[in-house]
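Colleague: Hi, I'm new to this one. Could you pull it up and walk me through it?

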Amino acid sequence: MKKPKTEVRPHQRLMGGAIGSVVEIFDFSVYALTAPALAIHFFPKGDPATALLATFAVFAAAFFARPLGGVLFGILGDRLGRMRILSLTVLMMGGATLLTGLLPSYAAIGIAAPILLVICRLVQGLSLGGESSGGYTYVIESAPDNKRGKWIGIVIFALYVPTAFLSLMIVGISGAMGDSAYMDWGWRVPFVIGGIIAAVGFWLRLRLDDPEEFEAAAAVEKVTVKDTMRGLAQSWKSIGRILLLQAPQTAAAYLVIGYMFTFVVTHGHLSQFQAQLTTGASVLLLACLGPVFGSISDRVGRKPVLAAGFIWLVLMAYPAFALASNGTVIGALLGQCLLAIGVSLINSAFFVIAVEVFPTRVRYAGHGLAFNLAAAIFGGTTPLVATALVTQFGTPIAPAFYAIGLALTLGLAGFLLTPETRYVSLRHSLLGEPKNSASDKSAEANASAGASSASNSPDITRQ
């Protein structure tokens with residue numbers, strides 16, 4: 001006799017979406033926080049600056065695999081279901097991370113070492129492209145309509161806490177074994193731990209099912225590849241909005257989590273121990289503010305919170321870098337925290353908007369394309385651009401103007417072109433299709449049997 005399906009509670013869905021963020025960002029961020037060690041072991045010795053630039057170039061390479069992963073896994077997720085694909089992406093990320101920690105160095109196998117490192121990073125990029133879009137999609141579709149911002153804020157918390165924890169973990173590992181042993185082989189330990197955490201995340205996700213919103217839409221129509229392409233074409237305005245808004249968001253975020261550690265070591269002359277502490281503290285602040293600002297966006301709207309974030313970034317980017325480069329631990333901490341507050345404000349509104357602007361039938365693929373394409377252009381390249389700007393202009397403050405410029409140009413354009421999405425209908429989003437149609441009623445009727453009413457509040461269709 002077939003075992004009846006176990007009901008999945010709303011908080012389990014929230015945890016299921018968030019656990020992927022924990023695993024994915026932990027595994028993905030290990031690379032950035034071990035960049036100085038990777039530069040030594042995977043590239044020829046002789047020119048430390050060139051080796052560091054090469055390390056950040058490999059970091060950027062993974063981001064260019066993200067759009068492909070976002071579209072590929074997005075199409076599969078819109079057709080086969082959210083949770084099947086999200087279980088696969090977390091498994092891929094864990095495998096690539098574990099393998100990175102086991103790779104032999106340049107001294108052992110020569111040019112094959114950086115080649116294998118690039119392959120591992122590309123696999124990470126593919127899986128992150130599917131996870132970053134699928135995870136937010138899963139949470140938004142599972143959340144009550146009046147708590148979408150809060151739920152995404154909790155995912156943001158889960159997204160950045162691993163980075164903060166990772167910084168402190170690296171401090172503990174290097175402190176326990178000494179800097180010399182850490183740079184020699186201890187840097188591999190976080191990669192192995194990341195692979196183990198991914199296995200736990202995979203096991204947890206196998207216990208979850210798809211959200212009611214997705215199942216109701218799928219009950220009406222199974223999405224084909226042709227349907228996805230048509231839906232993406234209809235959503236071209238939303239794709240453009242995300243590309244514009246995400247430029248300053250991603251650049252600022254990766255200044256905090258992908259560049260500032262190296263910056264305060266190189267230009268602030270802090271020890272690696274001190275830099276890990278200040279970086280971990282600033283990222284923890286960013287994480288803790290996510291649910292707070294997300295809840296505020298549920299009450300006042302996404303755009304006011306987004307505007308506050310852009311204004312903060314424009315006003316505080318310069319003093320943030322000035323403080324971070326002044327050679328003191330307090331200065332580095334304050335500077336990094338100033339950037340973290342602005343990023344948290346922007347994230348809390350942007351991550352909700354980026355999912356709400358796409359309709360259910362192409363949400364995974366649409367978000368996967370737009371979000372990961374912008375991340376590739378403006379996220380993966382940020383540490384590389386920042387390092388090059390400092391070298392070119394001879395001032396450590398140069399990256400601040402990069403962030404400010406993106407906020408005042410692309411960010412402002414995206415803000416003006418994006419409507420408020422606080423009350424948007426998830427089923428149709430901003431496509432302008434009729435709401436409460438016969439197909440919607442049919443879908444709701446088909447999905448009502450055995451569905452949990454707690455997973456979603458009644459549709460809010462007011463624009």
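Colleague: Where is histidine 269 found?

Modeller: Histidine 269 sits in the loop between helix 13 (260-266) and helix 14 (272-300). Helices here are DSSP runs of H or I with at least four residues, strands are runs of E with at least two, and both are numbered from the N terminus. This is a predicted model, in which local features need pLDDT of at least 70 and side-chain atom pairs count only at pLDDT 80 or more, while totals for chains, interfaces and linings use all residues. Residues are numbered from 1 along each chain as its sequence is written, and side-chain values use heavy atoms, with hydrogens and water left out.

Colleague: Is histidine 269 buried or exposed?

Modeller: Histidine 269 counts as exposed because its relative accessibility is 65%. Buried means under 20% relative accessible area, exposed means over 50%, and partly exposed is in between, using a 1.4 Å probe and protein chains only. Histidine 269 also has a positive phi of about 60 degrees, although it is not a glycine.

Colleague: And glutamine 274, which helix is that in?

Modeller: Glutamine 274 is in helix 14, and at 29% relative accessibility it counts as partly exposed. A polar atom of its side chain lies 3.0 Å from the backbone nitrogen of serine 271. That is a polar contact: a pair of N or O atoms within 3.5 Å where, within protein, one must be able to donate a hydrogen and the other to accept it, and residues adjacent in sequence count only if both atoms are side-chain atoms. From C-alpha to C-alpha, glutamine 274 and valine 329 are 6.9 Å apart in space, with their positions 55 residues apart in sequence.

Colleague: Changing topic: how many aromatic pairs are there?

Modeller: The structure has 10 aromatic pairs. Rings of Phe, Tyr and Trp (its six-membered ring) pair if their centres lie within 6.5 Å; planes under 30 degrees apart count as stacked, over 60 as edge-to-face and the rest as tilted. Tyrosine 136 and phenylalanine 351 are stacked, because their ring centres are 4.9 Å apart and their planes are at 20 degrees.

Colleague: Which helices does that pair of tyrosine 136 and phenylalanine 351 lie in?

Modeller: Tyrosine 136 lies in helix 6 (residues 112-142) and phenylalanine 351 in helix 16 (residues 329-356), so the pair ties together parts that are 215 residues apart in sequence. Tyrosine 136 is buried at 4% relative accessibility, and phenylalanine 351 is buried at 3%. Another pair is tryptophan 187 with phenylalanine 191, which is edge-to-face: the centres are 6.0 Å apart, with 85 degrees between the planes. Tryptophan 187 is buried at 0%, and phenylalanine 191 is buried at 1%.

Colleague: Which residues form one aromatic cluster?

Modeller: Tyr136, Phe350, Phe351 and Phe371 form one.

Colleague: Any charges over rings to look at?

Modeller: Arginine 121 lies over the face of tyrosine 31, 4.3 Å from the ring centre. Lysine 303 lies over the face of phenylalanine 415, at 4.5 Å from the ring centre. The rule is that NZ of Lys or CZ of Arg is within 6 Å of the ring centre and within 35 degrees of the ring normal.

Colleague: What does serine 344 touch?

Modeller: Leaving out residues up to four places away in sequence, serine 344 touches Leu286, Leu289, Gly290 and Phe293. Contact means heavy atoms within 4.5 Å. Serine 344 is in helix 16 and is buried at 0% relative accessibility. A polar atom of its side chain lies 3.5 Å from the backbone nitrogen of glycine 290.

Colleague: Back to the whole protein: how many helices and strands?

Modeller: The protein comes to 20 helices and 0 strands. Of its 463 residues, 58% are buried. Helix 6 is mostly covered, with 23 of its 31 residues buried.

Colleague: Where is confidence lowest and where is it highest?

Modeller: Confidence is lowest in helix 20 (residues 438-448), at a mean of 40, and highest in helix 15 (residues 302-324), at 96. The score is pLDDT, the predictor's confidence in each residue, from 0 to 100. The mean pLDDT of the protein is 83, and 89% of its residues reach 70 or more. It stays under 50 over residues 432-463, for which the model has 52 contacts beyond four places in sequence.
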